[in-house]
2 protein chains.
Amino acid sequence: MVPERVELPKAYRLINHGPTVMVSSAHGGRRNVMSAAWNMALDFTPAKVCVVIDKATFTRGLVEASGEFMLQVPARGQAALVLAVGQRSGRDGDKFADAALRTLDPELLAGAAGTPPVSHALLSTALEGSLAWLACRSIPEPHNQQAYDLFIGEVVAAWADPQAFSNGHWRADAKPSLHYIAGGAFFETGAAFEIK
Amino acid sequence: MVPERVELPKAYRLINHGPTVMVSSAHGGRRNVMSAAWNMALDFTPAKVCVVIDKATFTRGLVEASGEFMLQVPARGQAALVLAVGQRSGRDGDKFADAALRTLDPELLAGAAGTPPVSHALLSTALEGSLAWLACRSIPEPHNQQAYDLFIGEVVAAWADPQAFSNGHWRADAKPSLHYIAGGAFFETGAAFEIK
């Protein structure tokens, strides 16, 4: 699977349907990935997103120090992983050491469409099996971060598994993504349909 | 159908799976309803939500003037309505005059569990057929509103159709909700499952 670059004005479509995402980050030789149901698109151009990153998380420090994060849209088959990375803290050991967390070759992301303006370390947190990846630069908003744990990011590069999302559209035969409820309960993404 | 009050610390579960919502509002004898894919939960206790309300919308003025809004979780069967209220402006006439927009008797919401701390006018915007209703008081955040069209609300009362969500949980046989993509394309909520 070679991830396909997604035009930035269409990047919101990768999360517009409200999937739970994984948030990955890296700084100073450390890296982490956590789950976040509380995410949404915030703008088309420049593309922006919101995500809630609790003060207690290891991810929080990595994002504040590096000024960047990646949202990843997991597939139905990654549900156990989504739950697992949401339950453990990156402080207790590198989650990427887990055999179930396989990363993409970052050169696949850095490739054809020009080098994305984020660190190589961040690109190295992209997981195999995700349906889409949104590399974001955090827009510093200290009040939102402090009062609400709310982070706003500008999407500076985005990719999708072309079997799931291609030419700006989710494919009808895409693997389902995940919609988290609570306590290990999820919905999977159901049938696509169109209102004319 | 008599809506059932949802405990506020569990209100986030009504939107945690990322459904598109309708946002309704009322002020000074005017009222409106619009669609918003860009919404998310922001906190458990006190329960908070985020939603993007563009400056160009009629809803924007009503929310700013009244300091309150209601998020409603539409069912699959309301998809055409969700698209229609997203395409028309409330400035061009009261959308509630449309026969397809039937409102609940507000006494059903004001009822048993004590009067919710929002206006009767806002309760009167609750639509029949929605799966859940979250009455919110806007937390004034002028910078977010101006720079990002981002509104933060405290959920002060919530209700659900007990056939969809009851005792703090989505029912396995609930009608699907809606996940908007773009251009009239949606996913419906798919199968529920649990990871132990």
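Note to self before I start: contact here means heavy atoms within 4.5 Å. I also keep in mind that this is a predicted model.

**Entry 1: A:Thr189**

I began with A:Thr189, which sits in strand E12 (residues 185-194) of chain A. Is A:Thr189 buried or exposed? A:Thr189 counts as buried, at 7% relative accessibility, because the cut-off for buried is under 20%.

Next I pulled its contacts, leaving aside neighbours within four places in sequence. Within chain A, I noted A:His17, A:Pro176, A:Ser177, A:Leu178 and A:His179 as contacts of A:Thr189. From chain B, A:Thr189 touches B:Phe187, B:Glu188 and B:Gly190.

Which side chains make polar contacts with the side chain of A:Thr189? I found A:Ser177 at 2.7 Å, and A:His179 at 2.7 Å as well.

**Entry 2: B:Glu194**

Then I went over to chain B, where B:Glu194 lies in strand E12 (residues 185-194). B:Glu194 comes out as partly exposed, with a relative accessible area of 46%, because that label covers values between 20% and 50%.

With neighbours within four places in sequence set aside, I get A:Gly183, A:Gly184 and A:Ala185 as the contacts of B:Glu194. I also logged a polar contact of 3.2 Å between the side chains of B:Glu194 and B:Lys196.

**Entry 3: how the two chains relate**

I laid chain A on chain B and got an RMSD of 0.0 Å, using a turn of 180° and a shift of 0.0 Å along the axis. So what I have is the relation of a two-fold axis. The same surface serves both copies, as 100% of the contact residues of chain A recur in chain B.

**Entry 4: cavities**

How many cavities of 30 Å³ or more does a search of the whole structure find? I got two.

The largest cavity holds about 100 Å³ of space. I count 17 residues in its lining, and those nearest its centre are A:Gly18, A:Asn39, B:Gly18, B:Asn39 and B:Met40. Strand E4 (39-43) of chain A and strand E4 (39-43) of chain B each give at least two residues to this lining. Sorted by class, the lining of the largest cavity has 11 nonpolar, six polar and no charged residues.

The second largest cavity has a volume of about 40 Å³. I listed its lining as B:Leu81, B:Ala84, B:Val85, B:Arg88, B:Lys95, B:Asp98 and B:Leu101. What classes do the residues of this lining divide into? I get four nonpolar, no polar and three charged.

**Entry 5: helix H2 of chain B**

B:Leu81 and B:Val85 from that lining turned up again when I looked at helix H2 (residues 79-87) of chain B. Its buried residues are B:Ala79, B:Leu81, B:Val82, B:Leu83 and B:Val85. What do the buried residues of H2(B) pack against? In chain B I noted strand E2 (21-27), strand E3 (30-36), strand E11 (178-182) and E12, and from chain A there is E12.

**Entry 6: helix H1 of chain A**

Last, I checked helix H1 (residues 58-66) of chain A, where A:Phe58, A:Thr59, A:Arg60, A:Leu62 and A:Val63 are buried. The buried residues of H1(A) pack against strands E2 (21-27), E3 (30-36), E6 (68-73) and E8 (150-160), plus helix H5 (142-148), of chain A. After H1(A) comes A:Gly67, and I jotted down its positive phi, near 70°.

Methods:
Residues numbered from 1 in each chain as written. Chains lettered and ligands numbered in written order. Predicted model: local features only at pLDDT ≥ 70, side-chain atom pairs only at ≥ 80, totals over all residues. Heavy atoms only, no water. 1 Å grid on protein atoms, 1.4 Å probe; cavity = no way out; pocket = protein on both sides within 12 Å on 5 of 7 lines; lining within 4 Å. Points joined across faces, edges and corners; volume = space filled by probe spheres on them. Helix = DSSP H or I, 4+ residues; strand = E, 2+ residues; numbered from the N terminus. Nonpolar A, V, L, I, M, F, W, Y, C, P; charged D, E, K, R; others polar. Buried < 20%, exposed > 50% of the residue type's maximum accessible area, 1.4 Å probe, protein only. Polar contact = N/O pair within 3.5 Å; in protein donor to acceptor, adjacent residues only side chain to side chain. Least-squares fit on C-alpha atoms with pLDDT ≥ 70 in both.
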